[in-house]
Amino acid sequence: PLGALIVLGVIAALQLFTPLAQGLLQGLRFFAWFAIASVLGAFVRWSTAWGIAVLGGGVTAVLFAFLLGAVATLGVCLWPVRSSLVTVDAPEVDLKPMTGYFWRVAAGQIALFTLINADLILAPRLLEGEVLAAYGKAAILARTVIFLPLPLVAAMFPRAVGSTRWRVVLGPAVAVLVISSSAALVLWLWPTVWLRLMFGGFETLAPELLQRYVWAAIPIALVEILLPWLWARDRLGLAMSAVIPMAVFLVFLLGLHDAPERMITAVGGAGWLVLAWLGTGAAMRRLLPN
């Protein structure tokens with residue numbers, strides 16, 4: 001419907017400015033405001049969408065919930081810097097270096113997206129019926145292990161730009177490992193509880209797949225902390241090369257038909273492969289002169 005398209009267009013327009021506002025907060029080290037903006041936006045989306053669903057609202061109404069969430073996120077991001085938002089005559093800027101940086105970071109970001117989502121995207125082609133439903137629920141819930149430590153990435157990035165010390169990435173990496181492992185342990189110990197809370201019910205195979213998947217997700221969480229550090233340290237070629245092990249992962253994954261356990265093994269193996277690839281490359285570049 002036309003109304004849904006209009007709301008979707010407004011959301012897309014706001015999403016163009018949200019990363020800029022979030023990046024400004026990170027650069028100024030307003031990490032508390034960054035966290036508040038992210039949490040408040042998610043809460044507004046969830047609470048509004050839940051209320052609309054209870055009242056029986058349609059697609060346009062649900063999209064309006066996402067619009068409110070986007071407005072809340074952007075508004076909180078801009079609030080602490082509102083006094084600095086003035087119009088000035090800016091000098092001309094050479095965009096070529098920025099364009100080169102963008103495309104190389106984009107390649108690394110695409111590789112990371114592939115690592116996180118490729119199996120879910122391909123699952124409908126590889127699995128069927130209850131196996132597909134169980135795999136989808138297990139994979140979605142297991143992503144808690146990946147996304148829970150993300151605020152550490154936001155806190156690390158500004159420091160990584162101005163420091164060459166290894167502890168800038170090693171400290172957050174250890175914290176990510178602890179947080180992700182703790183989340184994985186909680187999900188592994190009580191898989192049926194979390195599946196029931198998240199989805200209201202589950203297929204017989206889902207708890208077993210969830211218990212496998214949470215451990216496979218840990219290396220992906222570590223990759224999420226290593227890639228931004230490489231971007232901040234201007235190791236863009238190395239970050240972009242993550243596409244190579246991703247290609248290997250996809251080829252291997254496409255060969256796993258009707259085997260959800262082997263698909264999860266492929267996800268975990270790809271995570272460790274990318275982590276070893278980037279970690280070894282970073283260590284070697286550290287030993288070479290700049």
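Trp50 is exposed, with a relative accessible area of 55%. Exposed stands for over 50% relative accessible area, buried for under 20%, and partly exposed for what lies in between, with a 1.4 Å probe and protein chains only. Trp50 sits in helix H2. This is a predicted model, in which local features need pLDDT of at least 70 and side-chain atom pairs count only at pLDDT 80 or more, while totals for chains, interfaces and linings use all residues. Residues are numbered from 1 along each chain as its sequence is written, and side-chain values use heavy atoms, with hydrogens and water left out.

Trp50 has nonpolar company. It belongs to a nonpolar surface patch that also includes Leu24, Phe30, Trp33, Trp46 and Trp79. Together the patch residues have about 1300 Å² of accessible area, computed by the Shrake-Rupley method with a 1.4 Å probe, and for residues only the protein chains shown count as cover. Patch residues have over 30% relative accessible area and no salt bridge; nonpolar side chains (Val, Leu, Ile, Met, Phe, Trp, Tyr) are joined within 5 Å, like charges within 9 Å. A salt bridge means a side-chain nitrogen of Lys or Arg within 4 Å of a carboxyl oxygen of Asp or Glu. Helix H2, residues 31-55, gives the most to this patch: eight residues.

Now turn to helix H3. Gly69 lies in this helix, which spans residues 59-78. Gly69 is buried, with a relative accessible area of 0%. Beyond its neighbours within four places in sequence, Gly69 is in contact with Gly41, Val44 and Arg45. Contact means heavy atoms within 4.5 Å. Leu40, one of the patch residues, is 29 residues from Gly69 in sequence and 7.6 Å away in space, C-alpha to C-alpha.

Another helix pair lies further along the chain. H5 (residues 129-142) packs against H10 (residues 206-216) at an angle of about 40°, with the axes 8 Å apart. Axes are lines fitted to C-alpha atoms, for helices over the stretch in contact, and angles run from 0 to 180 degrees between N-to-C directions. From H5, residues including Ala134, Tyr135 and Leu141 meet residues of H10, among them Leu209, Leu210 and Tyr213.

Finally, the whole chain. It has 14 helices and zero strands. Helices (H or I, at least four residues) and strands (E, at least two) are DSSP runs, numbered from the N terminus. Of the 290 residues, 42% count as buried. The accessible surface comes to about 16100 Å², and 72% of that belongs to carbon and sulfur atoms.
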